[in-house]
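These are my notebook entries from a reading of one structure. I set down what I looked up, in the order in which I took it up.

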Amino acid sequence: MRARRTGGADGGSIALFVAICAAGLVVMIGIVLEAGGRLRAIETADARAQEVARVVGQQLDERALLRGGGYLLSQDVAAAQVAAEAYLRPYGLHAEIAFRNGSTVVVDIRARYRTTLLGALAVQSLEVHGRGAATLVHGVKEAETA
C-alpha cells in the first residue's frame with residue numbers, strides 16, 4: 001500500500017518556517033549574549049576606575065596639611081599617575097586622571113571588550129569606557145569635605 005500525499009503545494013513549508021525561525025532565534029540569543037558581555041565589561045571598567053580613584057584619593061598634600069591648610073588631595077599628577085599605573089598594570093589598562101576642587105579626583109578608563117559571536121561578522125572587539133570618582137572626606141564624628 002502506498003502512502004497518500006496530502007497538502008499539495010504546501011509540502012515542506014513547515015520545515016522552511018522552522019529553519020527561518022531557528023536562525024532568527026540564534027541571532028537574538030547572540031545579541032543578548034554580546035550585550036550582556038559588553039555590560040559586564042563596562043561594569044568591570046567602572047569598578048576599576050572607582051578603585052583607581054580611591055587609590056589616587058589617598059595621596060594627600062602633606063605640605064598643605066603641615067602648613068595648617070587642611071586636608072587636600074595632592075595635585076601632583078605625576079605621583080597620581082604612578083599610583084594609578086601601579087594599580088592598573090596587572091589589567092593592562094591606562095587611566096586619565098583629573099582633579100576637581102582640591103578634594104575630588106575623577107578617573108577615566110578605556111578598555112576593550114573582546115566579542116565572542118560578533119567575531120563572525122568581523123567585529124573582534126568593542127571599546128568600553130569606565131569612570132570613577134572619589135571625594136576626600138575627613139572628620140572624627142561625621143564626615144566633612146574640604
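**Entry 1: the exposure of one arginine.** I began with Arg-54, which is partly exposed at a relative accessible area of 38%. I note here that the model I am reading is a predicted one. I then looked up the partner of Arg-54 and found a salt bridge with Glu-51, whose closest N and O atoms are 2.9 Å apart. Glu-51 is likewise partly exposed, with a relative accessible area of 29%. Both values lie between the limits of 20% and 50%, and therefore neither residue is classed as buried or as exposed. I located the pair next: Arg-54 and Glu-51 both belong to helix α1, which covers residues 13-57. They are 3 residues apart, about one turn of the helix.

**Entry 2: the overall plan.** Before going further I looked up the secondary structure, which amounts to 3 helices and 5 strands. Along the sequence I read the order α-α-α-β-β-β-β-β. The protein has 146 residues, and buried residues account for 27% of them.

**Entry 3: salt bridges between strands.** How many salt bridges does the count come to? I recorded 4 salt bridges. I examined Asp-108 and Arg-131, whose side chains meet in such a bridge at 2.6 Å, N to O. Asp-108 is in strand β2 (residues 104-114) and Arg-131 is in strand β3 (residues 125-135), so this pair ties together parts 23 residues apart in sequence. I checked the accessibility of each partner. Asp-108 has 16% relative accessibility and is buried, because the limit for that class is under 20%. Arg-131, at 46%, is partly exposed.

I then turned to Arg-112, which forms a salt bridge with Glu-127, with the closest N and O atoms 4.0 Å apart. Arg-112 sits in strand β2 and Glu-127 in strand β3, so the pair ties together parts 15 residues apart in sequence. Arg-112 counts as exposed at 52% relative accessibility, because exposed residues are those over 50%. Glu-127 counts as partly exposed at 42%. I also noted a network of salt bridges in which Arg-110, Arg-112 and Glu-127 are linked.

**Entry 4: a nonpolar patch.** Which residues form a nonpolar patch on the surface? I listed Leu-25, Ile-29, Leu-33 and Leu-117, which together have about 380 Å² of accessible area. I followed Ile-29 further and placed this residue in helix α1. Ile-29 has 45% relative accessibility and counts as partly exposed.

**Entry 5: two helices crossing.** Two packed helices are described by the angle between their axes and by the distance between those axes. I looked up both values for α1 and helix α3, the latter made of residues 77-88. Their axes come within 9 Å and cross at roughly 140°. That angle makes α1 oblique to α3. The crossing of α1 past α3 is right-handed.

**Entry 6: residues apart in sequence.** I returned to Glu-51 and looked up its separation from Ala-133. The two are 82 residues apart along the chain, and their C-alpha atoms are separated by 8.8 Å. Ala-133 is in strand β3, whereas Glu-51 is in helix α1. Ala-133 counts as partly exposed, at 38% relative accessibility.

Asp-46 is another residue that I placed in helix α1. Its relative accessibility is 30%, and Asp-46 therefore counts as partly exposed. What separates the C-alpha atoms of Asp-46 and Val-107? I recorded 9.4 Å for this pair, with their positions 61 residues apart along the chain.

**Entry 7: a loop residue.** Last, I looked up Ser-74, which lies in the loop between α2 (62-66) and α3. Is Ser-74 buried or exposed? Ser-74 has 16% relative accessibility and counts as buried. The C-alpha atoms of Ser-74 and Leu-60 are separated by 4.8 Å, and the two residues are 14 residues apart along the chain.

Conventions. Residues are numbered from 1 along each chain as its sequence is written. This is a predicted model: local features need pLDDT of at least 70, side-chain atom pairs count only at pLDDT 80 or more; totals for chains, interfaces and linings use all residues. Side-chain values use heavy atoms; hydrogens and water are left out. Helices (H or I, at least four residues) and strands (E, at least two) are DSSP runs, numbered from the N terminus. Buried means under 20% relative accessible area, exposed over 50%, partly exposed in between (1.4 Å probe, protein chains only). Patches are made of residues with over 30% relative accessible area and no salt bridge: like charges are joined within 9 Å, nonpolar side chains (Val, Leu, Ile, Met, Phe, Trp, Tyr) within 5 Å. Accessible areas come from the Shrake-Rupley method with a 1.4 Å probe; for residues, only the protein chains shown count as cover. Axes are lines fitted to C-alpha atoms, for helices over the stretch in contact, and angles run from 0 to 180 degrees between N-to-C directions. Angles under 35 degrees count as roughly parallel, over 145 as roughly antiparallel, 65 to 115 as roughly perpendicular and the rest as oblique. A crossing is left-handed if the near helix is turned anticlockwise from the far one by less than a right angle, and right-handed if clockwise.
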